[in-house]
Amino acid sequence: MTGVQTCALPISEVASVKIFGSDSSTAFDGGQRASGKEAEELTKVLQTGEKISYFSGDGSGRMLTEIIPLTNKASCQSCHDSGEALRGAVLVTTSMERAESAMQANRNRTILSLLVTLIAILIILKLLLKITIVRPLKEIVDAKIGRAHV
């Protein structure tokens, strides 16, 4: 099938899928209208034909919503009227919980790696300073003190 987008998300992460007609009413479930932010963004998609994504909610309830226009291609016109450029839009809302927990785990690993690297650099720096500066200075001082007592 051409023009069909596939979704790599497990079904459990998809909170809702709604299909809207070009008149902004839902298809297949009684023609309910979108409201609030959903309605604003849907209107933009139906006017511009461009896909829109936005985040909603906060904390563990954060959601990503994508509104994808349904273009009226020539292959669609065997069943649908050719009078409209867009047939409507698909609205898919997914949970960000898994993505946010993965980002938090990555952040924690990065901080741990940074700390381990910093400690390793400090240990190496201490050893290099001891070998190249402290030890030779100590030998010079010991030699001077030894000559002073002779």
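**Exercise 1. Pairing of β2**

In which sense do β2 and strand β3 (residues 63-71) pair, and over how many bridges?

*Solution.* The model is a predicted one. Start with the pair itself. β2 and β3 run antiparallel to each other, with 5 bridges between them. Next, look for individual residue pairs. Y54 stands opposite T65 in β3. I52 has I67 of β3 as its bridge partner.

**Exercise 2. Strand order**

Determine the order of the strands in the sheet, and explain why β1 and β2 each have one side without a neighbour.

*Solution.* Work across the sheet, pair by pair.

- Step 1. β1 and β4 are joined by 7 bridges and run antiparallel.
- Step 2. β3 and β4 are joined by 9 bridges, again antiparallel.
- Step 3. β2 pairs with β3 in the antiparallel sense.
- Step 4. Put together, the open sheet of 4 strands reads β1-β4-β3-β2.
- Step 5. β1 (14-21) and β2 (52-56) are the edge strands; each has a single partner, so one side of each lacks a neighbour in the sheet.
- Step 6. From one strand to the next, the twist averages 15 degrees.

**Exercise 3. Order along the chain**

List the elements of the chain from the N terminus on, and place helix α1 relative to the sheet.

*Solution.* Count first: the chain has 2 helices and 4 strands. Their succession is β-α-β-β-β-α. Now take helix α1, residues 36-48. This helix lies across β1, β2, β3 and β4 (86-95). Its direction makes an angle of about 140 degrees with β4.

**Exercise 4. G88 in β4**

Is G88 buried or exposed, and which residues are its bridge partners?

*Solution.* Locate the residue: G88 is in strand β4. This strand is mostly covered, with 8 of its 10 residues buried. Then check the residue itself. G88 has 0% relative accessibility, so G88 counts as buried.

Now the partners. G88 is the bridge partner of G21. G88 is also the bridge partner of L70. Contacts beyond four places in sequence are F20, G21, S22, L46, I68, P69 and L70. One further distance: the C-alpha atoms of G88 and A27 are 9.1 Å apart, with their positions 61 residues apart in sequence.

**Exercise 5. The nonpolar core**

Name the residues of the largest nonpolar core, and say which elements each supply at least two of them.

*Solution.* The core has 11 residues: F20, A34, L42, V45, L46, I52, Y54, I67, L86, A89 and L91. α1, β2 and β4 each supply at least two residues of this core.

Take L91 as a sample member. Setting aside residues up to four places away in sequence, L91 touches S16, V17, K18, F20, E38, T65, E66 and I67. Two of these, F20 and I67, belong to the core as well.

**Exercise 6. K44 on helix α1**

Why does K44 count as partly exposed, and which residues beyond four places in sequence does K44 contact?

*Solution.* K44 is found in helix α1. The class partly exposed lies between 20% and 50% relative accessible area. K44 has 40% relative accessibility, so K44 counts as partly exposed. For contacts, leave aside neighbours within four places; G49 and I52 remain. I67 gives a distance check: its C-alpha atom is 9.7 Å from that of K44, and the two residues are 23 apart along the chain.

**Exercise 7. The whole chain**

What share of the residues is buried, and where is confidence lowest and highest?

*Solution.* Begin with burial. Of 150 residues, 21% count as buried. The accessible surface comes to about 11,200 Å², and 61% of this belongs to carbon and sulfur atoms. Then contacts: among those between residues at least 6 apart in sequence, 48% join residues at least 24 apart.

Finish with confidence. The mean pLDDT of the chain is 83, and 87% of the residues score at least 70. By element, β1 is lowest, at a mean of 84, and helix α2 (residues 97-149) is highest, at 90. Where pLDDT is low, predicted coordinates should not be read in detail.

Conventions
Residues numbered from 1 in each chain as written. Predicted model: local features only at pLDDT ≥ 70, side-chain atom pairs only at ≥ 80, totals over all residues. Heavy atoms only, no water. Pairing = 2+ DSSP bridges. Axes fitted to C-alpha atoms, helices over the stretch in contact; angles between N-to-C directions. Contact = heavy atoms within 4.5 Å. pLDDT = per-residue confidence, 0-100. Buried < 20%, exposed > 50% of the residue type's maximum accessible area, 1.4 Å probe, protein only. Areas by Shrake-Rupley, 256 points an atom, 1.4 Å probe, with all protein chains shown as cover. Core = buried A, V, L, I, M, F, W, Y, C linked by side-chain atoms within 4.5 Å.
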